[in-house]
Amino acid sequence: MEIKELIAAKELFFRNNNILDDNSRKRPIVYARTAFSVAFKKMGCVQIARVLGRDHSSVVHYMKSHKTLIQYRDYRDLYENALDFRKAFLENDELPM
């Protein structure tokens, strides 16, 4: 998957979940970034960071935070949505993972 396709995936995922990524650290936005990062982790931390407008160390932090956040219902629902979104996005575009 190319970077422009990953950018399109991120924008569509955020739009589908009614989340405006205003570059803040508000919980719903951080949850969305984390869920997206973990769902698309095979794309690599550097690429995901570029798409999210973050440093790669933030994406590494998201990966580590996932184990704790998965215990919270609102994050878990968003993460499951991100997994379903990734699957549908990749199947529809027939892109290799």
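Is aspartate 22 buried or partly exposed, and what is the relative accessible area of aspartate 22? In this predicted model, aspartate 22 is partly exposed, its relative accessible area being 39%. The side chain of aspartate 22 meets that of lysine 26 in a salt bridge, with an N to O distance of 3.6 Å.

This pair belongs to a wider set of charged contacts. A search of the whole structure yields four salt bridges. Side chains of opposite charge can pair when their charged atoms come close. One of the salt bridges joins arginine 33 to aspartate 21, at 2.8 Å from N to O. Because arginine 33 lies in helix H2 (residues 27-39) and aspartate 21 in the loop between helix H1 (3-16) and H2, the pair ties together parts that are 12 residues apart in sequence. The two partners differ in accessibility: arginine 33 has 1% relative accessibility and therefore counts as buried, the limit being under 20%, whereas aspartate 21, at 22%, counts as partly exposed. Both residues also take part, together with Lys10, in a network of salt bridges.

A further salt bridge is found between aspartate 77 and arginine 73, whose closest N and O atoms are 3.7 Å apart. Both residues lie in helix H5 (residues 73-93), and because they are four residues apart there, about one helical turn separates them. An α-helix has 3.6 residues a turn, so residues three or four places apart point the same way. Aspartate 77 is partly exposed, at 35% relative accessibility, while arginine 73 is exposed, with a relative accessible area of 55%.

Helix H4 was examined for its span and its buried positions. The helix comprises 14 residues (56-69) and reaches 19 Å from its first C-alpha to its last. This value is close to the 20 Å expected at 1.5 Å a residue. Buried residues in H4 are Val59, Tyr62, Ser65, His66 and Leu69.

Contacts distant in sequence were considered for isoleucine 3, a residue of helix H1. With 25% relative accessibility, isoleucine 3 counts as partly exposed. When residues up to four places away in sequence are not counted, isoleucine 3 touches Gln47, Arg50 and Val51. Leucine 52 is separated from isoleucine 3 by 49 residues in sequence, and the C-alpha atoms of the two residues are 11 Å apart in space.

Conventions: Residues are numbered from 1 along each chain as its sequence is written. This is a predicted model: local features need pLDDT of at least 70, side-chain atom pairs count only at pLDDT 80 or more; totals for chains, interfaces and linings use all residues. Side-chain values use heavy atoms; hydrogens and water are left out. Helices (H or I, at least four residues) and strands (E, at least two) are DSSP runs, numbered from the N terminus. Buried means under 20% relative accessible area, exposed over 50%, partly exposed in between (1.4 Å probe, protein chains only). The expected span of a helix is 1.5 Å times one less than its number of residues. Contact means heavy atoms within 4.5 Å.
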